[in-house]
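Here is a small set of exercises for you to try with the sequence and the coordinates open. Each has a task, then a solution worked in steps.

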Amino acid sequence: MSNQNRGSRHGGARRSDDPVRRRRRFSSAAGVLALLVVLAVDPAMAQFSDVSRTVSRRGTTAAEFLTIPVGARQTAMGGAVTAVVDDGTSIYWNPAGLASLETTSLTAEHADWLAGISFNYFSVVMPTDMGVFGFAVSGMRTEEMDVTTVEMQNGTGETFTASSYAYHLSYGRSLTDRFSFGGSAKVISEKIWNSGATGVGFDVGTMFVTPFSGVRLGAAITNFGSKMRMGGDELLIVVDIDPNARGNNESNRAYLKTDSFDLPLIMRIGLSGEVFQSNDSRLTVAVDALNPNNSEQFVNVGAEVALLGELVQIRGGYSELLLTNALRSFTLGAGLRYGFGNLNFGFDYAYEEQEFFSGVNRFSLAINL
């Protein structure tokens with residue numbers, strides 16, 4: 001009898017440690033703990049509710065000058081020219097546009113860029129039986145600046161400059177009367193005083209004339225290539241490897257190691273067409289969608305009105321639509337075309353509004369031989 005009572009007591013103890021009851025107690029404790037965590041964290045998170053935590057990709061690439069638009073005509077149209085470009089600036093925008101050139105073309109551009117920086121572009125394009133070849137140089141350079149140090153804040157008497165250059169070799173060809181393709185290889189160089197970086201990039205593009213009222217479709221991928229890393233004499237420093245030790249060499253020479261950065265890779269898809277066209281005038285509209293690796297996606301739109309048989313052109317556009325904190329906005333411009341003997345001249349002007357700086361004026365000259 002006593003054994004049965006002991007067994008009954010043991011059996012009761014086993015029931016109190018039943019797994020189902022343990023899970024219930026654990027769930028209740030976990031629920032209370034979760035409630036306490038929420039009550040503690042919620043006021044803390046409320047302190048940061050007005051702080052933006054959006055991560056931007058801006059400033060994450062090297063050779064940012066490769067994103068500066070080229071050509072006064074193209075800039076005036078808001079950069080929406082992937083399916084429009086058909087001159088020496090095709091090397092920059094879409095190499096497939098070279099295929100439409102039938103004569104040798106020279107193009108030169110100058111712009112007083114931001115903060116006293118000058119930007120220039122020059123290209124030579126030559127059609128051959130094997131296709132159209134092009135060479136271009138684009139460059140950006142600062143004015144001379146004084147070298148200053150902590151000890152000599154008014155200047156050491158030395159000066160320095162910073163510059164960025166890209167040397168393009170391009171090719172374009174028409175496969176049919178509606179489809180053309182093109183590509184470019186380029187060497188990129190950036191320098192500040194005695195330090196610099198070098199990289200290699202590639203562009204590829206296509207252009208297709210659709211059967212729908214001559215609507216054109218263009219696509220291009222630019223600046224696909226190597227990473228760039230700064231190096232040079234300015235990174236050479238004197239360092240004491242172990243400042244806590246006595247008698248060691250306190251004048252070791254070493255180079256600061258810098259990070260490498262990607263080129264500003266850009267994918268463009270463009271659509272263009274003539275809304276109105278007659279013997280003496282036309283209206284062309286264009287839109288480009290861009291997906292860069294150093295910014296969010298955005299859209300460029302532009303239009304061009306040609307009058308008096310292409311003698312006069314008036315242009316307008318808007319850049320970086322749908323982009324948060326856009327740096328560019330509306331663009332305006334005009335152009336003249338005039339033939340003299342076997343020479344055809346083109347002069348273009350563009351004004352580009354900037355968000356944080358004064359507007360940029362651009363001038364381009366094209367000569368077709």
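The exercises below go from the whole chain to single side chains, and the model they use is predicted.

**Exercise 1. Describe the chain as a whole: how many helices and strands does it have, and what share of its residues is buried?**

Step 1. Start with secondary structure: there are 4 helices and 21 strands.
Step 2. Turn to burial: of the 369 residues, 36% are buried.
Step 3. Add the surface, with an accessible area of about 21,400 Å², 60% of it from carbon and sulfur atoms.
Step 4. Finish with contacts: among those with a separation of 6 or more, 54% join residues 24 or more positions apart.

**Exercise 2. Find which residues touch the most other members of the largest nonpolar core.**

Step 1. This core has 34 residues, and the ones that touch the most other members are Ala63, Phe65, Trp113, Phe119, Ile188 and Met228.
Step 2. Helix H4 (90-93), E2, strand E3 (131-141) and strand E8 (195-209) are the elements that give two or more residues to this core.
Step 3. Another core, of 5 residues, lies apart from it, with Ile266, Leu290, Leu323 and Ala326 among them.
Step 4. Now zoom in on Phe65: leaving out residues up to four places away in sequence, its contacts include Phe119, Met140, Tyr165 and Ile188.
Step 5. As background, nonpolar side chains tend to be buried together in soluble globular proteins.

**Exercise 3. Work out which residue Arg73 forms a salt bridge with, and whether Arg73 is buried or exposed.**

Step 1. The partner is Glu304, with the closest N and O atoms 3.0 Å apart.
Step 2. Arg73 belongs to helix H3 and Glu304 to strand E17, so the pair links distant parts of the chain, 231 residues apart.
Step 3. Arg73 is buried because its relative accessible area, 10%, falls under 20%.
Step 4. Glu304 is buried too, at 1% relative accessibility.
Step 5. Widen the view: Arg73 and Glu304 are part of a salt-bridge network that also includes Arg337 and Asp348.
Step 6. Arg337 and Asp348 meet at 3.1 Å, N to O, and the pair ties strand E19 (residues 328-340) to strand E20 (residues 343-354).

**Exercise 4. Two charged residues, Arg268 and Asp87, are buried yet have no salt bridge. Which side chain of opposite charge is nearest to each?**

Step 1. For Arg268, in strand E15 (residues 266-277), the answer is Asp288, 5.1 Å away.
Step 2. That pair is not a salt bridge because the limit is 4 Å.
Step 3. The Arg268 side chain does make a polar contact with the side chain of Thr222, at 3.4 Å.
Step 4. For Asp87, in the loop between helix H3 (72-76) and H4, the answer is Arg73, 4.6 Å away.
Step 5. The side chain of Asp87 has a polar contact with that of Thr89, at 2.6 Å.

**Exercise 5. Check the backbone: what is phi of Ala115, and what is phi of Glu310?**

Step 1. Phi is near 55° for Ala115, a positive value in a residue other than glycine.
Step 2. Ala115 sits in the loop between strand E1 (105-112) and strand E2 (118-128), and its 67% relative accessibility makes it exposed.
Step 3. Phi is near 75° for Glu310, again positive in a residue other than glycine.
Step 4. The loop between strand E17 (298-307) and strand E18 (312-321) holds Glu310, which is partly exposed at 33%.

How values were computed: Residues are numbered from 1 along each chain as its sequence is written. This is a predicted model: local features need pLDDT of at least 70, side-chain atom pairs count only at pLDDT 80 or more; totals for chains, interfaces and linings use all residues. Side-chain values use heavy atoms; hydrogens and water are left out. Buried means under 20% relative accessible area, exposed over 50%, partly exposed in between (1.4 Å probe, protein chains only). Lys and Arg count as positive and Asp and Glu as negative; His and the chain ends are not counted. A polar contact is a pair of N or O atoms within 3.5 Å; within protein, one must be able to donate a hydrogen and the other to accept it, and residues adjacent in sequence count only if both atoms are side-chain atoms. Contact means heavy atoms within 4.5 Å. Accessible areas come from the Shrake-Rupley method with a 1.4 Å probe; for residues, only the protein chains shown count as cover. A nonpolar core is a set of buried Ala, Val, Leu, Ile, Met, Phe, Trp, Tyr and Cys residues joined through side-chain atoms within 4.5 Å.
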